[in-house]
Amino acid sequence: MDRVEVEIERGEASLTLRYQVIGDLARLRLPNFARTGRADGLWRSTCFEVFVKPEGGEGYLECNFAGLQWATYRFSGYREGMIEAAVEPGVIEGSIDWLSIGIETGRFARPDLPAPAWRVGLSAVIEDIDGGVSYWALAHPPGKPDFHHPDSFALVLPAPEQT
């Protein structure tokens, strides 16, 4: 595989993501697009992930997508306080080489305050047909891959302009 590309668009309380894998797709172990709905452990094989937290905050949201299956979790801090998040993706569309997802993230701030800037980590776990796994991210901290690490939240999405 050559690369993973991601287009991202932020709304007031939502993200729209489009992941695309570029390279020899015949060598990849792709998700089963016949399976749908919530599923745990998606990160154990080919999946796409997004991590979102408010600028300056400790808690964050993790969303995993493998084909049309998904999982969402909230953490109170770095790998702490994990609970299943009441966040479901909107439309998930995809094929063997791309996946488009709409996520209603909810407000990270109090409802009476403007939405803050978000720090975002974009990542992918890619498994090949021989069982080899590669880890892709905007930024990797030193050492083994750790998408939860604060250094992985490399993209800053500013708060939407208030009208």
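# A guided tour of pockets, rings and charges

The lining of the second largest pocket comprises four nonpolar, five polar and four charged residues. The structure on display is a predicted model. The tour begins at this pocket, proceeds to the largest one, and then turns to the aromatic rings and the charged side chains.

**Stop 1: the second largest pocket**

Select Arg 35, Leu 42, Ser 45, Ala 66 and Gln 69, which lie nearest the centre of the second largest pocket. They belong to a lining of 13 residues. The volume of this pocket is about 180 Å³.

**Stop 2: the largest pocket**

Next, move to the largest pocket, whose volume is about 300 Å³. Select Trp 43, Arg 79, Tyr 135, Phe 147 and His 148: of the 14 residues that line this pocket, these are the closest to its centre. Colour strands β4 and β11 as well, since these are the elements that contribute two or more residues to the lining of the largest pocket. By class, this lining holds seven nonpolar residues, one polar residue and six charged residues.

Remain on Arg 79 for a moment. What is unusual to check in its backbone, given that Arg 79 is not a glycine? Its phi is positive, at about 55°. Arg 79 is found in the loop between β6 and β7 (83–84). With a relative accessible area of 47%, Arg 79 is partly exposed, because this value does not exceed the 50% above which a residue counts as exposed.

**Stop 3: the aromatic rings**

How many aromatic pairs does the model contain? The count comes to six. Select Phe 51 and Phe 153, whose ring centres are 6.1 Å apart; their planes stand at 75°, so this pair is edge-to-face. Phe 51 belongs to strand β4 and Phe 153 to the loop between β11 and β12 (155–157), so the contact ties together parts that are 102 residues apart in sequence. Are these two rings buried or exposed? Phe 51 has a relative accessibility of 1% and counts as buried, because the value is under 20%. Phe 153 is likewise buried, with a relative accessible area of 1%.

Now add Tyr 60 and Phe 75, an aromatic pair that is stacked, with 4.8 Å from centre to centre and 10° between the planes. This pair links distant parts of the chain: Tyr 60 is in strand β5 and Phe 75 in strand β6 (residues 68–75), 15 residues apart. Tyr 60 counts as buried at 3% relative accessibility, and Phe 75 is buried at 7%. Display the four residues together: Phe 51, Tyr 60, Phe 75 and Phe 153 form one aromatic cluster.

**Stop 4: charges over rings**

Keep Phe 153 in view and select Lys 53, which lies over the face of that ring, at 4.8 Å from the ring centre. Then select Arg 10 and Trp 118. The charged end of Arg 10 sits over the ring of Trp 118, 3.6 Å from the ring centre.

**Stop 5: the salt bridges**

The last stop concerns pairs of opposite charge. Across the whole structure there are six salt bridges, and three of them can be visited here, one after another.

Begin with Arg 3 and Glu 5, whose side chains meet in a salt bridge at 2.7 Å from N to O. Arg 3 counts as partly exposed at 40% relative accessibility, and Glu 5 counts as partly exposed at 35%.

Continue to Asp 130 and Arg 27, where the closest N and O atoms of the salt bridge are 2.5 Å apart. Where in the chain do the partners Asp 130 and Arg 27 lie? Asp 130 is in the loop between β10 (118–127) and β11 (133–137), and Arg 27 is in the loop between β2 (14–22) and β3 (36–38), so the pair ties together parts that are 103 residues apart in sequence. Asp 130 is exposed, with a relative accessible area of 61%, whereas Arg 27 is partly exposed at 34%.

Finish with Glu 55 and Arg 119, a salt bridge of 3.7 Å from N to O. Here, too, distant parts of the chain are linked: Glu 55 lies in the loop between β4 (47–54) and β5 (60–66) and Arg 119 in strand β10, 64 residues apart. Glu 55 counts as partly exposed at 40% relative accessibility, and Arg 119 is partly exposed with a relative accessible area of 24%.

Terms used. Residues numbered from 1 in each chain as written. Predicted model: local features only at pLDDT ≥ 70, side-chain atom pairs only at ≥ 80, totals over all residues. Heavy atoms only, no water. Salt bridge = Lys/Arg side-chain N within 4 Å of Asp/Glu carboxyl O. Buried < 20%, exposed > 50% of the residue type's maximum accessible area, 1.4 Å probe, protein only. Helix = DSSP H or I, 4+ residues; strand = E, 2+ residues; numbered from the N terminus. 1 Å grid on protein atoms, 1.4 Å probe; cavity = no way out; pocket = protein on both sides within 12 Å on 5 of 7 lines; lining within 4 Å. Points joined across faces, edges and corners; volume = space filled by probe spheres on them. Nonpolar A, V, L, I, M, F, W, Y, C, P; charged D, E, K, R; others polar. Phe/Tyr/Trp six-rings, centres within 6.5 Å; stacked < 30°, edge-to-face > 60°. Lys NZ or Arg CZ within 6 Å of the ring centre and 35° of its normal.
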